[in-house]
Amino acid sequence: MTKLSLGSHPYLLGFEQLERLLERSAKSGNEGYPPFNIEQTSPNSYRITLAVAGFSEDDLSITVEDRQLVIRGRQADGNAERVFLHRGIAARQFQRSFVLADGVEVGEAIIENGLLHVDLRRIEPEPVVQRVRITKG
């Protein structure tokens, strides 16, 4: 049996990259921590909000690696002398990854009230019409 892919369709030229992106996003295997929302704030902008209660700005890092937004959190061991009778507030490290489409740029990141907001915007490319000259062979 032959595997049908986007790259093998005769009218979809150059879409192998899209297929790789789909495979990469499927392999990311994000667990459920921390919970997050994705909202569309305008026709060309989005906001990702992560619940990061207990994390400070210094405990968080946001990077863009190969068109993938990666948000990491790692709390420093503050006071090792603290003795918890019950520890219900998660303090484990995490990594959340989001694959970004072409033209999507990461804007600002704001942390407030235990929520980390990361703003994204999509830049619409100018339509290009290119005329191809035909020459005799």
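This tour of a predicted model visits one sheet and then several salt bridges.

**The sheet.** Begin by selecting residues 60-64, 68-73 and 94-99, which are strand 3, strand 4 and strand 5. Together they form an open sheet of 3 strands in the order 3-4-5, and the pairing is antiparallel. Strands 3 and 5 stand at the edges with a single partner strand each, so one side of each has no neighbour in the sheet. On average, neighbouring strands here are turned by 15° against each other, direction ignored.

**Strands 3 and 4.** Zoom in on this pair, which is joined in the antiparallel sense over 5 bridges. Select T63 and then V70 in strand 4, which stands opposite T63.

**Salt bridges.** The structure holds 5 salt bridges, and the following stops include three of them.

Select E65 and R72 next: they form a salt bridge, with the closest N and O atoms 3.2 Å apart. E65 is partly exposed at 35% relative accessible area, and R72 is partly exposed at 28%.

Move on to R67 and D102, another salt bridge, whose closest N and O atoms are 3.2 Å apart. R67 lies in the loop between strand 3 and strand 4, and D102 in the loop between strand 5 and strand 6 (104-112), so this pair ties together parts 35 residues apart in sequence. R67 counts as partly exposed at 23% relative accessibility, whereas D102 counts as exposed at 57%.

Finish at E124 and R122, where the closest N and O atoms of the salt bridge are 3.3 Å apart. E124 is partly exposed, with a relative accessible area of 47%; R122, at 30%, is also partly exposed.

Technical notes. Residues numbered from 1 in each chain as written. Predicted model: local features only at pLDDT ≥ 70, side-chain atom pairs only at ≥ 80, totals over all residues. Heavy atoms only, no water. Pairing = 2+ DSSP bridges. Helix = DSSP H or I, 4+ residues; strand = E, 2+ residues; numbered from the N terminus. Axes fitted to C-alpha atoms, helices over the stretch in contact; angles between N-to-C directions. Salt bridge = Lys/Arg side-chain N within 4 Å of Asp/Glu carboxyl O. Buried < 20%, exposed > 50% of the residue type's maximum accessible area, 1.4 Å probe, protein only.
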